[in-house]
Amino acid sequence: MDALELARWQFGITTVYHFFFVPITIGLSFVVALMQTLWIRTRHEDWLRLSKFFGKLFTINFALGLVTGIVQEFQFGMNWSDYSRFVGDIFGAPLAIEALLAFFLESTFLGLWLFGWGRIPEALHNAAIWLVHIGTLLSAYFILAANSFMQNPVGYRNNPETGRAELVDFWAVLTNPVQLVTFPHVATAAYATGAGLVVAVAVWHLWRKKFPADEGMYRKGARLGAWIMLVASLGVVVTGDVQGKIMTDVQPMKMAAAEALYDTEDSCASFSILTIGTPDGEHEKFAITVPCVLSFLATGDVDGKVEGINQLQEEYAKVYGGSGDPLLEVRDYRPNIMVTYWSFRYMMGAGALGMLAAAAVLWGTRGGRSLTSRWWYPAALAALFGPLLGNSFGWIFTEMGRQPWVVFGLMNTEDGVSPGVGAAEVLTSMVVFTLLYGALAVIEVKLMLRYASAGAEHADAGKAQRMTADDEPHVFAY
């Protein structure tokens, strides 16, 4: 593989790995803040114990997410310097605000929350974890604003003298139509993922019955998490439907690739659940389809027209020009159809699996019932990995479906790679990062399993409420 392919693999590996932590961080910060609020309102010790228990798991995940996120920014200068030079004027503002505002908001108030038990008034202490959650949402918003520019460039002008895209309307970047639908879609998916972790851990404890006295507490946690999962998942469905229509407007090739639709359907385009075709993917041999669903997903009308890959390829060739390679007649503007087709379906299937697990948990725990069947263990895994993998497949579809563009309509991916970096250098850094991430994965899993299996510690509600004397030493909460 050449430097371009290796750089793409490296960015893909590190991005997907990092995004395992992001939705858990956003969603779990919300659940922990809600649990602490419930304790303050009800004074029921179970909510205090749950908030501290899942707060510990949140802290572990936050730390690992921070470490893996730093590597992302390194790659802009290492492997994608031409891309960074081209979009630096636009990317600089949202990424700087994300670091200076959102990240410092998260880290500062997380420290106050961790060390503040009994040292600051409980209302302010509870506000601290809510501010952490708000910080995670702001961080996501500004990063998504930068990514949405790559999907649908707005608020810029091309400077022919410098060869750069220059920012002229920052508000347009922040209110990009793609951004306005992507942010709620990502946020609701994150809520479902964080709540899925809560459901998985709580159901695991209910199923193995190691702490019989705490069964009622874990049932509360499981039911709260399951309700959040269901409500958030409905939000994912609604925002995903809107996002599909925006995507059809700004990136029609991506929608066509999601269905592997090679020729335009003038009305009632079908959505295939499963397709078997020729090796090149252009001809269908067998398919299980649902009539008119693709038309509705793309246009909001069951009789809507959906353009095909072949027709869009011809249109793109006219609008954006040839390949620049004399051996090729035109540039290939099609993404990897197999990846887009299946990642789109895996995304929806994994999300549906999580919803099913949440509904099953609510049904199984109704009326104080116990979880005794051996099937509750895989149900706990489905609650965790359903939304988590759904997030990952969604991002794979989003980024792979944009190819061959790194900034749609403005810069091809091959033009964004660093010209002075060779394949050996990229391979070396990719191996180092992959080994490092592998080590971090072992640490993350061991820490999460260790503290999750230990269960919620007994908390002194009186100590949590009282103010510590000024001359008492500061002690880490955990």
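## Arg369, between two helices

Arg369 lies in the loop between α11 and α12, and the model in which this loop appears is a predicted one. With a relative accessibility of 41%, Arg369 counts as partly exposed, because that class covers values that are neither under 20% nor over 50%. When residues up to four places away in sequence are not counted, Arg369 touches Arg219 and Gly364. The C-alpha atoms of Arg369 and Met347 are separated by 32 Å, and these two residues are 22 residues apart along the chain.

## Helix α11 and its N-terminal end

Helix α11, made up of residues 337–364, has 28 residues, and the distance from its first C-alpha to its last is 40 Å, close to the 40 Å expected at 1.5 Å a residue. The N-terminal end of α11 is capped by Asn336, which has a side-chain oxygen 3.2 Å from the backbone nitrogen of Met338.

## Where α7 meets α8

Two packed helices are described by the angle between their axes and the distance between the axes. For helix α7 (residues 215–250) and helix α8 (residues 252–259), the axes come within 5 Å and cross at roughly 120°, which means that α7 is oblique to α8. On the α7 side, the residues that take part are Gly244, Met247, Thr248, Asp249 and Val250, and they meet Pro252, Lys254 and Met255 in α8. By character, the residues of this contact of α7 with α8 divide into four nonpolar, two polar and two charged.

## Two residues with positive phi

Ala260 is found in the loop between α8 and β3, the latter covering residues 271–277. Its phi is near 55°, a positive value in a residue other than glycine, and at 24% relative accessibility Ala260 counts as partly exposed.

Arg43 likewise has a positive phi in a residue other than glycine, with a value near 60°. The loop that holds Arg43 runs between α1 (3–42) and α2 (45–78), and Arg43 counts as partly exposed, with a relative accessibility of 36%.

## A cis peptide bond before Pro404

Gln403 and Pro404 are joined by a cis peptide bond, for which omega is about 10°. Pro404 has its place in the loop between α12, residues 376–402, and β5, residues 405–407.

## Two buried residues with polar side chains

Thr193 has its place in helix α6, which covers residues 177–208. Its relative accessible area is 0%, so Thr193 is buried, and the side chain of Thr193 reaches the backbone oxygen of Ala189 at 2.8 Å. Not counting residues up to four places away in sequence, Thr193 touches Pro23, Ile24, Pro387, Leu388 and Asn391.

Ser418 is found in the loop between α13 (413–416) and α14 (423–454), and with a relative accessible area of 4% Ser418 is buried. The side chain of Ser418 reaches the backbone nitrogen of Ser81 at 2.9 Å. Ser81 also appears among the contacts of Ser418 that remain once neighbours within four places in sequence are left aside, together with Gly77, Met78, Asn79 and Trp80.

Conventions: Residues are numbered from 1 along each chain as its sequence is written. This is a predicted model: local features need pLDDT of at least 70, side-chain atom pairs count only at pLDDT 80 or more; totals for chains, interfaces and linings use all residues. Side-chain values use heavy atoms; hydrogens and water are left out. Axes are lines fitted to C-alpha atoms, for helices over the stretch in contact, and angles run from 0 to 180 degrees between N-to-C directions. Helices (H or I, at least four residues) and strands (E, at least two) are DSSP runs, numbered from the N terminus. Angles under 35 degrees count as roughly parallel, over 145 as roughly antiparallel, 65 to 115 as roughly perpendicular and the rest as oblique. Contact means heavy atoms within 4.5 Å. Ala, Val, Leu, Ile, Met, Phe, Trp, Tyr, Cys and Pro count as nonpolar, Asp, Glu, Lys and Arg as charged, and the others, Gly among them, as polar. Buried means under 20% relative accessible area, exposed over 50%, partly exposed in between (1.4 Å probe, protein chains only). A polar contact is a pair of N or O atoms within 3.5 Å; within protein, one must be able to donate a hydrogen and the other to accept it, and residues adjacent in sequence count only if both atoms are side-chain atoms. The expected span of a helix is 1.5 Å times one less than its number of residues.
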